[in-house]
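Please examine the model displayed below together with its sequence. The paragraphs after it offer a guided reading.

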Amino acid sequence: MVFFIGISMLSCKNKTTVKPAETNTTLTEYYTEPFRPQYHFSPEEKWMNDPNGMVYKDGVYHLFYQYYPDDIVWGPMHWGHAVSKNLVHWKHKPIALFPDRLGYIFSGSTVVDYNNTSGFGTVENPPLVAIFTYHLAEGEKTGKNDFQTQGIAYSLDNGDTWVKYEGNPVIGNKDIRDFRDPKVIWHEPSKHWVLTLVAGNHAKFYTSENLKEWDLMSEFGADKGAHGGVWECPDLFPIKVSGSDEEKWVLLISINPGAPNGGSGTQYFIGDFDGTKFETSQQETKWIDWGTDNYAGVTYSNAPNNERIFIGWMSNWNYAQKTPTLKWRSAMTLPRKFSLKKNNDDFTLYNYPVENVDKLKKVQLKKEIAIPSKGSDVISYENFNQAEIRFKTTSKDFKLSFMNESDEVLVMGALAAKQKFFIDRQKSGVIDFQDGFGNLQQMPIPNLPNAPYEVRILMDKSSVEIFINEGQYVMTAQLFPIKSYTRLKIENLGVDALLLSDFEVSKVKGIW
């Protein structure tokens, strides 16, 4: 983290109107403010940024996060806390970690110490151990470079209460200005803990037997990947290649600025890790998400069935403190499951919403759509800003425009000649809080199959997440329309008929 439906065919003249089958007429003030996400996690009030310490234990998914309880802009960092049993419905918990004499509580991770290597608990009651960065603001103000160190805390009641280790910091600082965001894993072959943190323009790897004493083993990245800004929020984990027994290691690195569409973004490396050193032959810079609003994401520790579940902060440091909300600020992406796929000796990390997201939706419209060359159709719906739109197509030449009665429009689509997908939010709603917020966002899509592929769009009150070919290509963006979009114009930009099969519009239930 940093400071700071029956089947019918449509022609170009047809319009289809559908209203939700049921409407909840009971209104409350809770989570109904303008732009308030309805099925994404957001704090009840005040400022939130990076997800931290995500861990699963005893049927509970913990989501900690950077939190400032006194304002809706960044301030002295705490760890906020929420829990879930299914990754979609969340319960708010009291603040987990507060600043102390060693500094603010910056980003980090949490592990289940099953073997009680730390001695904080017992084998019968293994502790949760949080590893985080201390940020000593006073040291920063005096011009020193050693103001970030690493500390630990433990919990014996599954995250409800925490005790900070009296020997903090467990990793000191020898004059490195950006030295933060520890992510810890247990490396089973070596029988030791591995801690990855970032130091300006590279990652450092440490090992430990007990989570208290750490030895620096290797470094990576000063000459690899994107370097438009400071490296942040690393994550290191193994993952099987889909359809095989081959295993690779993934290293996530967030960077700000330097993302492909400006500001904050998260890159990844595919390689190998032997317990002390990460290596990769990857030459191309790869991105988890090409949209402007998915940053600082990491994966869950100890998730069931060894799944790799990712959550990102749905914002961008270019404008994170200026977005037009009043009671709270920012939200998280939907939880996404990672899978690694190999095509022509190249690895791609797919990310796609976890299955429980499907349980929130109720299909309102299902049909087949055919649009002639240069033609268009319009579908009307009561509220696209709490909906999922999904279809399959072989076309790479189409445009989707979501519109409302205030003449606001969110435009997205695929351009075959450029092999790109784009998001245009210049007229999407409120954009004047930051110059450049409406700038065109583009994503290369060179390796889409010629067979039908899926386009899945999940839109909430102030965000859109787009998953192409089940997460091969992903874009996430915030948006702030004054009124909900109620019309979707579908345009065929190609010379052949545009066929959209299994076209669905679904209402997505609120989680609060």
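The text that follows treats strands, salt bridges, a pocket and some single residues in turn.

The model is predicted, so local features need pLDDT of at least 70 and side-chain atom pairs count only at pLDDT 80 or more, while totals for chains, interfaces and linings use all residues. Residues are numbered from 1 along each chain as its sequence is written, and side-chain values use heavy atoms, with hydrogens and water left out.

A convenient starting place is an open sheet of four strands, with the order β6-β7-β8-β9 and antiparallel pairing. The edges of this sheet are formed by β6 (104-112) and β9 (163-164), each of which has a single partner strand, so one side of each lacks a neighbour in the sheet. Strands here are DSSP runs of E with at least two residues, numbered from the N terminus, and two strands pair if DSSP finds at least two bridges between them. In general, strands of a sheet pair through backbone hydrogen bonds, either parallel or antiparallel. Within the sheet, β7 (residues 128-135) and β8 (residues 148-155) run antiparallel and are joined by eight bridges. One of the positions to inspect is F132, whose bridge partner in β8 is G151.

The edge strand β6 also contains S107. This residue is buried, with a relative accessible area of 2%; buried means under 20% relative accessible area, exposed over 50%, and partly exposed in between, using a 1.4 Å probe and protein chains only. The side chain of S107 makes a polar contact with the side chain of D50 at 2.9 Å. Such a contact is a pair of N or O atoms within 3.5 Å; within protein, one must be able to donate a hydrogen and the other to accept it, and residues adjacent in sequence count only if both atoms are side-chain atoms.

Charged pairs come next. Side chains of opposite charge can pair when their charged atoms come close. A search of the whole structure finds 31 salt bridges, a salt bridge being a side-chain nitrogen of Lys or Arg within 4 Å of a carboxyl oxygen of Asp or Glu. In one of them, K93 pairs with D160, and the closest N and O atoms are 2.9 Å apart. Distant parts of the chain are linked here, since K93 belongs to strand β5 (residues 91-97) and D160 to the loop between β8 and β9, 67 residues apart. K93 is partly exposed at 24% relative accessible area, and D160 is partly exposed at 45%.

D358 takes part in a salt bridge with R390, where the closest N and O atoms are 3.2 Å apart. D358 lies in the loop between β23 (346-353) and β24 (361-371) and R390 in strand β26 (residues 387-393), so this pair ties together parts that are 32 residues apart in sequence. D358 also forms a salt bridge with R456, with the closest N and O atoms 2.9 Å apart. R456 is in strand β31 (residues 453-460), 98 residues from D358. D358 is partly exposed, at 34% relative accessible area, whereas R390 counts as buried at 15% and R456 is buried at 1%. D358, K361, K366, E388, R390, E454, R456 and E504 are linked in a network of salt bridges.

The second largest pocket has a volume of about 720 Å³. Of the 28 residues that line this pocket, the closest to its centre are I185, W186, N302, N306 and R308. The elements giving two or more residues to the lining are β6, β10 (179-187), β14 (230-240) and β15 (247-256), and β10 gives the most, with five residues. A pocket is an open set of points on a 1 Å grid over the protein atoms alone, where a 1.4 Å probe fits, with protein on both sides within 12 Å along at least five of seven lines; lining residues have an atom within 4 Å of a point. Grid points are joined across faces, edges and corners, and a volume is the space filled by probe spheres set on the points.

Finally, strands β29 (residues 420-427) and β30 pair in the antiparallel sense over four bridges, and the bridge partner of F421 in β30 is M443. Along β30 (residues 441-444), Q441 and M443 point to one face and are buried, while Q442 and P444 point to the other and are not.
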